[in-house]
Amino acid sequence: MAQTTPLKNLLNANKFLLGLSPMDGITDAAFRLTQTQIAKPDLIFTEFVSAEGLAHNAVKLYDTLLFSPQERPIIGQLFGKDPQSFYTAAVILCHLGFDGIDINFGCPAKTVTQHGSGAALIAQPQLARDIINSVKTAIDDFATNKVSINSLQLKPKVIEAINRNLQYSPHQTKIIPTLSVKTRLGIDTDVSKKWIPFLLHFNLDFLTLHGRTLRQGYAGLADWQAISRAGKLAKSAGVYFFGNGDIDSSKKALEYSEKYHTPGILIGRAAMGNPWVFTGKQANFTEKYQAMLLHAQNFLKIFPHRRFDPLRRHFLLYVSGHPRAKALRQEIVQLTSIEQLCSLEEKILNC
């Protein structure tokens with residue numbers, strides 16, 4: 001029996017929502033599960049995943065699509081530039097049981113934009129239109145049983161990966177995901193007065209705007225006046241709206257929501273090394289060490305085949321501000337096991 005995602009009901013309640021923003025190389029399953037166990041946001045995004053990669057049987061990408069039931073509502077984010085690939089990828093995300101599918105029109109990374117994906121699509125509105133319509137059609141076809149995972153003719157190794165993911169995050173009912181877009185103000189200048197109404201025309205379930213242009217990357221300050229203007233347009237169109245950029249506390253998120261009339265806020269970089277950002281709690285280094293250990297345990301359980309190295313960037317942020325931060329950083333950058341992390345316990349706690 002099909003059902004609308006609980007996320008849609010949450011959005012329709014039109015209350016303040018505070019979510020974890022998607023971050024490439026950061027918001028993997030271990031990071032998100034740790035965040036959920038310490039301070040659960042109202043909604044969570046995966047890292048972005050290549051639509052073309054999924055459409056062309058890239059098995060490794062299914063690690064990025066792993067999620068635990070505790071994370072719900074969970075939104076899978078796709079990037080790319082080929083509408084047909086987006087259709088295939090969206091059907092896969094539907095089958096995996098994601099609560100929402102988000103299209104990335106906002107990534108400023110050169111490795112993405114130089115190929116015409118991410119924020120580069122702001123300059124290609126007709127292609128952006130085709131991509132949105134392709135995902136919308138995929139969701140509708142999935143909901144009405146016009147398409148299934150078997151009709152995609154995926155390779156056996158991909159079906160095996162999909163079944164592994166389903167065992168990790170089983171769902172009993174057919175979930176019809178929401179459709180959303182995350183974007184920026186423009187390429188070189190703010191074109192949001194035209195770009196945002198163009199996106200709202202597609203009757204999205206929600207829209208997220210990061211208050212910088214592609215050229216700005218993450219430099220300077222996010223333009224919350226522009227975010228506010230876009231939020232008013234979204235409200236008029238009956239579309240839930242998230243503002244994003246420079247929010248480093250739950251208190252600031254609520255203040256900005258009220259000041260700029262923005263119903264939802266996404267927090268990104270401020271959550272790195274500080275999962276308590278969603279509660280306002282000021283954690284001590286005992287709690288931070290415990291979070292580091294939990295993060296490592298989650299990582300090893302979810303990704304037993306991976307090297308320990310990706311955790312170092314997170315651990316460096318956990319010890320930021322520590323009296324012995326410099327010495328700890330020198331040891332953290334060499335960590336290769338959870339045993340080595342445990343050997344740092346006394347040095348982290350005795351501050």
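Let's start with helix 4, residues 83–96: at 1.5 Å a residue, its 14 residues should span 20 Å, and the end C-alpha atoms are indeed 20 Å apart, so expectation and model agree. Keep in mind that this is a predicted model.

Now look at how helix 4 sits in its surroundings. Of its 14 residues, 11 are buried, so the rest of the structure largely encloses this helix. Buried here means under 20% relative accessible area. Which residues of helix 4 are buried? They are Ser85, Phe86, Tyr87, Thr88, Ala89, Ala90, Val91, Ile92, Leu93, Cys94 and Leu96. An α-helix has 3.6 residues a turn, so residues three or four places apart point the same way. As for what covers the buried residues of helix 4, the list includes helix 3 (51–55), helix 6 (125–143) and helix 7 (156–168), along with strand 4, strand 5 (100–105) and strand 6 (174–176). Just after helix 4 comes Gly97, with a positive phi near 90°.

Strands 4 and 5 take us to the barrel. Eight strands make a closed barrel in the order 2-3-4-5-7-8-9-10, and the pairing is parallel. From one strand to the next, the twist averages 25°.

And where do strand 2 and strand 10 meet? Strand 2 (residues 17–20) pairs with strand 10 (residues 264–267) in the parallel sense, over 4 bridges. If you want a spot to click on, take Gly19, whose bridge partner in strand 10 is Leu266. Helix 2 (residues 29–38) packs on the sheet, where it touches strand 2, strand 3 (43–50) and strand 4 (74–79). The direction of helix 2 makes about 175° with that of strand 3.

Key: Residues are numbered from 1 along each chain as its sequence is written. This is a predicted model: local features need pLDDT of at least 70, side-chain atom pairs count only at pLDDT 80 or more; totals for chains, interfaces and linings use all residues. Side-chain values use heavy atoms; hydrogens and water are left out. Two strands pair if DSSP finds at least two bridges between them. Helices (H or I, at least four residues) and strands (E, at least two) are DSSP runs, numbered from the N terminus. Axes are lines fitted to C-alpha atoms, for helices over the stretch in contact, and angles run from 0 to 180 degrees between N-to-C directions. Contact means heavy atoms within 4.5 Å. The expected span of a helix is 1.5 Å times one less than its number of residues. Buried means under 20% relative accessible area, exposed over 50%, partly exposed in between (1.4 Å probe, protein chains only).
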